[in-house]
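Here are a few short exercises on reading a fold and its aromatic rings. Have your viewer ready and try each task before reading its solution.

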Amino acid sequence: MSNIRNSTENCTLSQHRISLIDTTSDCLTSRGGLVHFGRHLEDIALLAHLERLFGSIRKNGEGLSVQALSAQIFCFMVDSTSRHLTYFDELRQDAGYAALIETTPRRLPLLTR
């Protein structure tokens, strides 16, 4: 999500924020509702609350924040394309999915190495 992006990334909010909904001839995905769901998570401050509760369990600042990972887990559960956690690795290769949840592919979790 836009406000949970790592502060070291050199990108502006306008690069990842959807600003217009219009008709298109492009092939659309059935995941379009994830944008609104992700914004709802931000609006109700659930992600910030999870960060307050669980943010202190991180041993260092590397990797994803609790907010970023929580948002992606919630979107994964709502999407329900796959119920396998290894599907996160496939999603990391999908730039369209990353744009849909307003992040970059590099900020998606990688479970296997």
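The exercises below use a predicted model and go from the whole chain to a group of rings.

**Exercise 1.** Work out which secondary structure elements the chain has, and what share of its residues is buried.

*Solution.* Start with the elements: there are 6 helices and 0 strands, which gives the pattern α-α-α-α-α-α along the sequence. Next, take burial: 37% of the 113 residues count as buried. Finally, look at the surface: the chain exposes about 7600 Å², with carbon and sulfur atoms supplying 54% of it.

**Exercise 2.** Place Tyr87 in the fold and decide whether Tyr87 is buried or exposed.

*Solution.* First, locate the residue: Tyr87 belongs to helix 5, residues 87-92. Second, check the relative accessible area, which is 13% for Tyr87. Buried means under 20%, so Tyr87 is buried. Third, list its contacts beyond four places in sequence: Arg31, Phe76, Thr81 and Ser82.

**Exercise 3.** Find the aromatic pairs and classify each by its geometry.

*Solution.* The count comes to 2 aromatic pairs. Phe76 and Tyr87 have centres 6.5 Å apart and planes at 40°, a tilted pair. Because Phe76 lies in helix 4 (residues 66-79) and Tyr87 in helix 5, this pair ties together parts 11 residues apart in sequence. Now take Phe76 with Phe88: at 4.5 Å centre to centre and 25° between the planes, this pair is stacked. Phe88 is in helix 5 as well, 12 residues from Phe76 in helix 4. Both Phe76 and Phe88 are buried. Putting the pairs together, Phe76, Tyr87 and Phe88 form one aromatic cluster.

Terms used:
Residues numbered from 1 in each chain as written. Predicted model: local features only at pLDDT ≥ 70, side-chain atom pairs only at ≥ 80, totals over all residues. Heavy atoms only, no water. Helix = DSSP H or I, 4+ residues; strand = E, 2+ residues; numbered from the N terminus. Buried < 20%, exposed > 50% of the residue type's maximum accessible area, 1.4 Å probe, protein only. Areas by Shrake-Rupley, 256 points an atom, 1.4 Å probe, with all protein chains shown as cover. Contact = heavy atoms within 4.5 Å. Phe/Tyr/Trp six-rings, centres within 6.5 Å; stacked < 30°, edge-to-face > 60°.
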